[in-house]
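Me: I would like to go through this model slowly and ask, for each term, what in the structure justifies using it.

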Amino acid sequence: MSLAYKTEYPAIPPIDEAMPDNLETASFGLG
Amino acid sequence: MPAPNYSNIGDHTETVQVDYDPGRITYAQLLDIFWESHRPTGRSWSRQYLNAIFYHNEQQRRAAMASKTAVERKIGRTLETEVAPLRSFTLAEDYHQKYVLKQHNALKNEMSRFYPRHQDFVNSTAVARLNAFAGGYGTKAMLSREIESLGLSAEMKKVLTEMVRE
């Protein structure tokens, strides 16, 4: 996932602004 | 197959990939939700529709195996869900992304104004949350706790609130 948008746009929703950079990833197949 | 798509998926599996903040939710908690979100005792229909945990590292593999064993002990049955390494991941075509939200043009357009590039639209947590609420996942109480963080206009806040169940 790219969080590049955090610095590329002048205004973004607060929930996106607050997203930390150290996200982890999980993957699931749900049938 | 290096570049699968919906009409030629090869041996790939339709997969939900979650980017999460480990400070707010743990992998173990995601596993708990996963077991509740599919039928782990049923055999998968096909490789395309496989029940599986695709682990990203050794820590996830151990957690997945431990979680699977714990559920098997709890229910007294063997689970069919596979635990396998993630070998590659291909994002589905654009029209599959945030599909439910895209059925609601006014809501979608508010987010597209923030994120004119589709890739950024797809990666936005605000967009993901809106897609879930639009799909019927979530309650008015949940929405009220986060609605101010989603970047919506007053009009779209009203529209979304009316869409979400009690």
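Me: What covers the buried residues of helix 3 of chain B?
Reply: In this predicted model, the cover over the buried residues of helix 3 of chain B includes helix 4, helix 5 and helix 7 (154–163) of chain B.

Me: Which residues of helix 3 of chain B are called buried, and what makes a residue buried?
Reply: A residue is buried if 20 or more other C-beta atoms lie within 10 Å of its own, and in helix 3 (residues 105–114) of chain B that description fits L107(B), E110(B) and M111(B).

Me: How do you know on which side of helix 3 of chain B they lie?
Reply: The buried residues cover an arc of only 90° around the axis, and therefore they are on the same side of helix 3 of chain B. The general background is that an α-helix has 3.6 residues a turn, so residues three or four places apart point the same way.

Me: Which residues are called exposed on the face of helix 3 of chain B turned away from its buried side?
Reply: That face carries N105(B), A106(B), N109(B) and R113(B), and the word exposed is used because a residue counts as exposed if 12 or fewer other C-beta atoms lie within 10 Å of its own.

Me: Why are strand 1 of chain A and strand 1 of chain B said to pair?
Reply: Two strands pair if there are at least two bridges between them; five bridges join strand 1 of chain A to strand 1 of chain B, and the two run antiparallel, so the term pair applies. One of the residues involved is F28(A), whose bridge partner in strand 1 of chain B is V16(B).

Me: How many bridges does strand 1 of chain A form with strand 2 of chain B?
Reply: Strand 1 (residues 24–30) of chain A and strand 2 of chain B pair in the antiparallel sense over four bridges. In strand 2 of chain B, F54(B) stands opposite S27(A), while I53(B) stands opposite F28(A).

Me: How many residues does each chain bring to the contact?
Reply: Chain B gives 39 residues and chain A gives 20 residues. On the side of chain B that touches chain A, the largest share, five residues, comes from strand 1 of chain B, and the residues of that side divide into 18 nonpolar, 14 polar and seven charged.

Me: What is the secondary structure of chain A?
Reply: Chain A has two helices and one strand, in the order α-α-β along the sequence, and buried residues make up 26% of its 31 residues.

Conventions. Residues are numbered from 1 along each chain as its sequence is written. Chains are lettered from A and ligands numbered from 1 in the order in which they are written. This is a predicted model: local features need pLDDT of at least 70, side-chain atom pairs count only at pLDDT 80 or more; totals for chains, interfaces and linings use all residues. Two residues are in contact if their C-beta atoms, placed from the backbone, lie within 7 Å. Ala, Val, Leu, Ile, Met, Phe, Trp, Tyr, Cys and Pro count as nonpolar, Asp, Glu, Lys and Arg as charged, and the others, Gly among them, as polar. The arc is that of the directions from the helix axis to the C-beta atoms.
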